[in-house]
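User: I am new to this structure and would like to go through its layout and its core.

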Amino acid sequence: MRLIGLDYGTKTVGVAVSDGLGITAQSIETITRKSPNKLRKTLARIEALIKQYDVEKIILGYPKNMNNTEGDRAAQTQAFKEQLERRTGLPVILWDERLTTIESERILMSGGVRRENRKAVIDQLAASIILQSYMDANRNGES
């Protein structure tokens with residue numbers, strides 16, 4: 001069963017998919033939009049990727065605050081989750097994404113990626129970390 005991981009942001013959505021065995025996550029792209037509220041093309045692109053990779057479940061990064069409370073971004077993510085479920089008919093699992101962008105930044109810096117080039121891939125790397133974290137926890141019986 002293939003999974004798709006999404007890092008939902010105000011203007012971008014990082015996307016990663018699992019391999020066919022559900023062992024590793026690979027970054028595939030960053031979907032950008034001009035306005036935070038313009039989601040039609042974003043949802044259409046996600047649907048196309050779901051079909052292309054034969055995905056059966058969506059793992060959506062859930063932005064909790066460091067003190068485990070939920071803020072505005074969490075509410076926006078909940079609304080996006082509902083739109084994904086309606087459009088795709090697939091289950092959407094919210095997965096804690098705290099510190100994934102910081103971890104992505106650290107990985108890119110340690111890999112020698114120049115600052116101006118990091119922005120293009122940071123969201124998809126964060127999506128990959130979210131997805132990998134979910135798969136690792138699921139394999140260990142934590143989810």
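User: In what order do the elements of the chain run from the N terminus on?

Analyst: This is a predicted model, in which local features need pLDDT of at least 70, side-chain atom pairs count only at pLDDT 80 or more, and totals for chains, interfaces and linings use all residues. Residues are numbered from 1 along each chain as its sequence is written, and side-chain values use heavy atoms, with hydrogens and water left out. Helices (H or I, at least four residues) and strands (E, at least two) are DSSP runs, numbered from the N terminus. The chain has 4 helices and 5 strands, in the order β-β-β-α-β-α-β-α-α.

User: What percentage of the residues count as buried?

Analyst: Buried means under 20% relative accessible area, with a 1.4 Å probe and protein chains only. The chain has 143 residues, and the buried share is 43%.

User: Which element gives the largest share of the largest nonpolar core?

Analyst: A nonpolar core is a set of buried Ala, Val, Leu, Ile, Met, Phe, Trp, Tyr and Cys residues joined through side-chain atoms within 4.5 Å. The largest one has 19 residues, and I46 and I58 are among those with the most contacts inside it. The elements that give two or more residues include β1 (2-8), α1 (40-53) and α2 (72-88). The largest share, 4 residues, comes from α1.

User: How many residues are in the second, separate core?

Analyst: This core includes I59, W95, A127 and Y134. Its residue count is 11.

Key: Buried means under 20% relative accessible area, exposed over 50%, partly exposed in between (1.4 Å probe, protein chains only).
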